[in-house]
Amino acid sequence: MSFTAVVSGETAITARGALREAAERVMGRLWIDQVPVRLASEDASLWPSAATAGVEGRPLCWPGQPGPGRAVLDRAERLRARAREDGLTDVVLLGGGAPARAAELIVRARGPAAPDGAGSLTVLDGPDPGPPLRVREDPERLNRTAFVVTGDDPATEALREVFAEALREEGLSPAGIARRFVTVAEPRAAAAKHATEAGHPLVEAPAPTAFGALSPYALVPAALAGADVGALLVEATAVLPSLTRPENNPGLVLGAILGGAARAGRGTAVLGGYPAELPGIAGWAALLLREAARGRLAPVVQDGGLPLLPDDDLFLLTFDGRPHQDDATVAGPLAAQLVVWEYAAAVASYLLEADPLAAERPAPMTLDDGIGEPLFADGDPGRAVEAHTTVPALAGASGLTELLDALAGRVGRGEHLALVAYLDPDGARGQGAQVRRLAALLAARCGRPVRVDWGARPAATGNDHPDGCVYLLVTGNVVRDVPVPGRHHRLGMLQLARALGDARDAHAAGRPVVRLHLQNRWAGLTRLLDAARGGT
């Protein structure tokens, strides 16, 4: 027997077995508490942060609501037309979080159909030097790129300064540089103040939250990259009536599945399995859930087929529309899924007593990770892997193989491993592919899910640390760094400071942390893969 909701005959959410039972147990509470009506009316009493924002007169990005995006649609279209007049077809998005990944997803799914020649969208949500170097050192690419600033943090500010300097070196005047940047920000944000001072176009938006897939933070960069965001908003709006009805409400069903499962002890959601019709949707949904549920639910993306689910604290959610035993599946067009997933994340957060609209804590940045001197340096000088840990039981390890064995044994039932790589996912020699292979090997060794984050915005940053999360942080030396104009530091130092701050933050929260520093990134990753296979 299944538990199903369908939207317009296209989008379907189905749960079976224990997930269905867990969802059914919480549906009554959701209706008694009038959650669907309160969400639809943007009731500020749902969460403390919403109530505070209401008193301050500060609008927030609300789950599944296309209104903020619709309000800037004409402005986004004018900015795109101006960009095309200037020969700008590519977009580099300086910002992170779920809204940035939603923009990436929208362009991937809807950009190629744009009539005026869609370009590309590249998200830079961290200060690793590799991605900005590839843009800066390709004059043809640099000269056809517009920059959209959605972040309001030191890393975003540094990247903006790096690209502004690159444009100055290309001979652009201050006015010409100003035409190359668009800032999306809350009016009171520091990024908005800078945009005004520098003469950059400013698109005002509600205060950012995880629920930004239909907000200016996602739609402005997607529109500039060629996506038909107007059509997307029309399709998203058509889904809204289904989210207030008592029966066949897809957002309520999916939220009840997610929140009900976590309340019943299944706190780890494995997203993926078979390939989805919308590539990238599992990654966006996982980030949305991590930001919204604040550590009460642990989503892990699984690629390349169905994972083994040996423990009853896990559940599988696929995106292929094919039902499997004792799991859930979601399928449907992009616009509907953006609305339904945000609504469902809000419902799950309500059931788990999380505040998904709370402002994030600033990412800690320090040159001291609070761990101390390395346990050992595995490998030849200049190519070694240095190991640090906060776990006394791991401190006796004498090499990488022994340390990874002990770490795998540390990840028990109800826990998962977060592999956070402060590296370049698209860098030379395939750093991203190596990290994903390492994650697969570690998952096989510990028999538990392994999540991969790219250091730019790990789930730890700004959110509660999940009780079942064990952290493996990988940092590495930079061969070619990028100076930040007007500052005494470079991007590589900023990247390392963020990693060390995250290690200290997770340690302070009581979570086990291992940090591996690669003196040579390529050689170090190769050594890690050998060690994860059990080699010498």
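**Exercise 1. Strand E5 and its partners**

In which sense, and over how many bridges, do E3 and E5 pair? Work this out on the model, which is a predicted one, and then describe the surroundings of strand E5.

*Solution.* Begin with the pairing itself: E3 and E5 run in the parallel sense and are joined over five bridges, with Leu94 standing opposite Val149 of E5. Next, turn to E6, which also pairs with E5 in the parallel sense, here over three bridges, and in which Val182 is the bridge partner of Val148. Then consider burial along the strand: five of the five residues of E5 (residues 145-149) are buried, so the strand is largely enclosed by the rest of the structure. Finally, separate the two sides, bearing in mind that side chains in a regular strand alternate between the two faces of the sheet. Thr145, Phe147 and Val149 lie on one side of E5, Ala146 and Val148 lie on the other, and with all of them buried both faces are covered.

**Exercise 2. The setting of Gly95**

Locate Gly95 and decide from its relative accessibility whether this residue is buried or exposed.

*Solution.* First, place the residue in the chain: Gly95 belongs to the loop between strand E3 (90-94) and helix H6 (97-110). Second, apply the cut-off, by which a residue is buried under 20% relative accessible area; because Gly95 has 2% relative accessibility, it counts as buried. Third, list its contacts, leaving aside neighbours within four places in sequence: these are Ala100, Val123, Leu124, Asp125, Thr150, Gly151 and Thr156. As a last step, compare sequence with space, where Gly95 and Arg82 are 13 residues apart along the chain and 22 Å apart from C-alpha to C-alpha.

**Exercise 3. The largest cavity**

Find which residues line the largest cavity, and which element gives the largest share of that lining.

*Solution.* A search of the whole structure gives five cavities of 30 Å³ or more, and the largest cavity holds about 60 Å³ of space. Its lining consists of Leu79, Arg82, Ala83, Leu88, Ala146, Arg179, Arg180, Phe181, Val182 and Leu224. When these residues are assigned to elements, helix H5 (73-85) and strand E6 (181-185) each supply at least two of them, and the largest share, three residues, comes from H5.

**Exercise 4. The six-stranded sheet and His517**

Give the strand order of the open sheet of six strands, and then examine His517 in strand E17.

*Solution.* The order is E12-E13-E17-E16-E14-E15, with mixed pairing. Strand E12 (376-378) and strand E15 (450-453) stand at the edges with a single partner strand each, so one side of each is left without a neighbour in the sheet. Neighbouring strands are turned against each other by 20 degrees on average, direction ignored. Within the sheet, strand E14 (residues 416-421) and strand E16 (residues 469-476) pair in the parallel sense over six bridges, and Val420 stands opposite Leu473 in E16. Helix H18 (residues 431-446) packs on this sheet and touches E14, E15 and E16, its direction making about 160 degrees with that of E15.

Now take His517, which lies in strand E17 (residues 513-518) and, because its relative accessibility is 10%, counts as buried. Neighbours within four places in sequence aside, His517 is in contact with Ala384, Val385, Glu386, Thr475, Gly476 and Asn477. With the side chain of Asn477, the side chain of His517 also makes a polar contact of 2.6 Å.

Terms used:
Residues are numbered from 1 along each chain as its sequence is written. This is a predicted model: local features need pLDDT of at least 70, side-chain atom pairs count only at pLDDT 80 or more; totals for chains, interfaces and linings use all residues. Side-chain values use heavy atoms; hydrogens and water are left out. Helices (H or I, at least four residues) and strands (E, at least two) are DSSP runs, numbered from the N terminus. Buried means under 20% relative accessible area, exposed over 50%, partly exposed in between (1.4 Å probe, protein chains only). A polar contact is a pair of N or O atoms within 3.5 Å; within protein, one must be able to donate a hydrogen and the other to accept it, and residues adjacent in sequence count only if both atoms are side-chain atoms. Contact means heavy atoms within 4.5 Å. Two strands pair if DSSP finds at least two bridges between them. Axes are lines fitted to C-alpha atoms, for helices over the stretch in contact, and angles run from 0 to 180 degrees between N-to-C directions. On a 1 Å grid over the protein atoms alone, a cavity is a set of points where a 1.4 Å probe fits but cannot get out, and a pocket is an open set with protein on both sides within 12 Å along at least five of seven lines; lining residues have an atom within 4 Å of a point. Grid points are joined across faces, edges and corners, and a volume is the space filled by probe spheres set on the points.
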